[in-house]
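Work through the exercises below with the model open. Try each task before reading its solution.

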Amino acid sequence: MHSFIISIIVLIGGYFVYGALMERVFGIKKNRPMPAYTRRDGIDYIPMATWKVFLVQFLNIAGLGPIFGAIMGIMFGPAAFLWIVLGTIFAGAVHDFTSAMMSIRSGGASLPEIVGRELGTPIKNFVRIWSVLLLILVGAVFIISPAGLLAGMTAMDRTLWVGIIFLYYMLATLLPIDKLIGNLYPVFGLALLFMAAGLLCVLLFGDVTIPVGISDGFGSRYADDAHPVFPMMFVSIACGAISGFHATQSPMMARCLKSEKLARPIFYGAMVAEGLVALIWAAATIAFTGGYEQLADFMAAHPDGSGSSALVHEISIDWLGSIGGVLAILGVIAAPITTGDTALRSSRLIIADFLHLDQRKILKRLIITLPIFAFTFLIMCIDFNVLWRYFAWCNQTLAVFTLWAATVYLARHHKAYIVTLLPAMFMSAVSVSYLLFARRPEGLGLDWSLAIGCGAAVAVGLLLLFMKYVRGLKREATPVLSQ
């Protein structure tokens, strides 16, 4: 219990200490003209109330990641708690904040545009394709999961729920952001916050023991050798620590922010809030099941991959009662829905930026949206577990591009780029190592030592390229002496 309480304190403290440092690195100016005003179009660029922007950003990035990711990731043992706390403070929140600030200072540009500005046109085109595919993957995953949960709670068939959610996604993608999304998110947010607060109260004040197991070491609790802590944990627990998907969402809210001074509470703060949700669910999972072996047995009893959903249902009903449990489950359902709709909306914005297609008219929005939804439907035909595995690696790889772009941006503006350089190197090693080590079909299944060595080599290689770039910047800044 003490380690859980300390984790919460450190995570919240990180917002005030390291978040303030990030503000100083960027040199926040509260009077800087904001894209919400300079490019206001009534569709995507709209000044919104701060509390609404926070809830939209929080629900955009929350999804099932900090819940299902924490439930599956806690099997890596006490290291999972460390990664959620330290990853959120030094990587995830930094990633979300810097991507938002880069977008704000680029007139609300989408992720591929700000990455391409720093890393070059070929990388920009690659990230365009990569991010749109990732967003469509997110949309597909977050239709299937809530539809399954809703079908389990009602007498309606899952296929019917898929159709209803699909229709809602279409409206959320097309309508002005302050209409459907801006009005529904506060309701969904209350349900999700109730769920997190309720579980936290049970963990802190109920007759609950959290068997973290620090005395048994920080190794993986999986029984096989296919799940070492590095690199597998750092991909499994993504949205509760760092997630490349978030950088596709930050520009969307950067277009609605009224002042740069709000960037830390909105972007750094939303990521800290998500880290808290992941921390609560990780602790609740291991406390409810009674230990790592019991959790493994619970998951093994659901070979169809429904173990996480079943565990969410049982924890909510058992700990919060019938009424509280229903609200908590609705929060879990709302989280993925409110991530899926904005994921597809973000894909529309990225494609519109690429095509330079103004989005004021509904017809031009439909031209982009209809193909997106057709492709999303095809992706949904793939098995959910396969989708989730590919989503996890694609997600963290996108974070690598974003962090390196932020590092170049800070270096180019003569700011303390170390804050993004270290997580950029770390996530580069994680992403490469995972791809090489993970078992087929999502990985190459190479030896662990070889995979780790290659991952480290790539990270060092990227560091050397970056330092060469920095030396070039210094030479350009040095005046040429006349002979």
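**Exercise 1. Place Ile379 and state whether Ile379 is buried or exposed.**

Solution. Start with the element: Ile379 sits in helix α15. Helices here are DSSP runs of H or I with at least four residues, strands are runs of E with at least two, and both are numbered from the N terminus. Next, take the accessibility. Ile379 has 14% relative accessibility, so it counts as buried. The classes are buried under 20% relative accessible area, exposed over 50%, and partly exposed in between, with a 1.4 Å probe and protein chains only. Last, look across the chain: Leu133 is 246 residues away in sequence, yet the two C-alpha atoms are separated by 9.9 Å.

A note on the source: this is a predicted model, in which local features need pLDDT of at least 70 and side-chain atom pairs count only at pLDDT 80 or more, while totals for chains, interfaces and linings use all residues. Residues are numbered from 1 along each chain as its sequence is written, and side-chain values use heavy atoms, with hydrogens and water left out.

**Exercise 2. Find what Phe375 touches, leaving out residues up to four places away in sequence.**

Solution. Phe375 belongs to helix α15, residues 362-379. Its relative accessibility is 33%, so Phe375 is partly exposed. Now list the contacts (heavy atoms within 4.5 Å). With residues up to four places away not counted, Phe375 touches Leu133 and Ile136. Check the second partner: Ile136 is 239 residues away along the chain, and 7.5 Å separates the C-alpha atoms of Phe375 and Ile136.

**Exercise 3. Describe the surroundings of Ser308.**

Solution. Ser308 lies in helix α14, which spans residues 307-355. At 5% relative accessibility, Ser308 is buried. Beyond four places in sequence, Ser308 touches Phe68, Ile71, Met72 and Met299. For contrast, try Leu462. It is 154 residues from Ser308 in sequence, and their C-alpha atoms are 37 Å apart.

**Exercise 4. Which residues of helix α13 are buried, and which are exposed on the other side?**

Solution. In α13, residues 292-300, the buried residues are Tyr292, Leu295 and Phe298. They lie on the same side of α13 because they cover an arc of only 115 degrees around the axis. That arc is taken from the directions that run from the helix axis to the C-beta atoms. On the other side of α13, Glu293, Asp297 and Ala300 are exposed.

**Exercise 5. Pick out the backbone exceptions.**

Solution. Recall the background first. Most residues other than glycine have a negative phi, and most peptide bonds are trans. Begin with the peptide bond from Phe230 to Pro231: it is cis, with omega near 10 degrees. Pro231 is in helix α10, residues 229-236. Then turn to phi. His356 has a positive phi of about 55 degrees, although it is not a glycine. His356 sits in the loop between α14 and α15. Its relative accessible area is 71%, so His356 is exposed. His414 has a positive phi near 55 degrees. The loop that holds His414 runs between α16 (384-412) and α17 (418-437). With a relative accessible area of 65%, His414 is exposed.

**Exercise 6. Summarise the overall fold in numbers.**

Solution. Count elements: the protein has 18 helices and 0 strands. Its radius of gyration is 22 Å, close to the 23 Å that the globule rule gives for 483 residues, so the protein is as compact as a globular protein of that length. The radius is taken over C-alpha atoms, and the rule is 2.2 Å times the number of residues to the power 0.38. Finish with burial: 59% of the 483 residues are buried.
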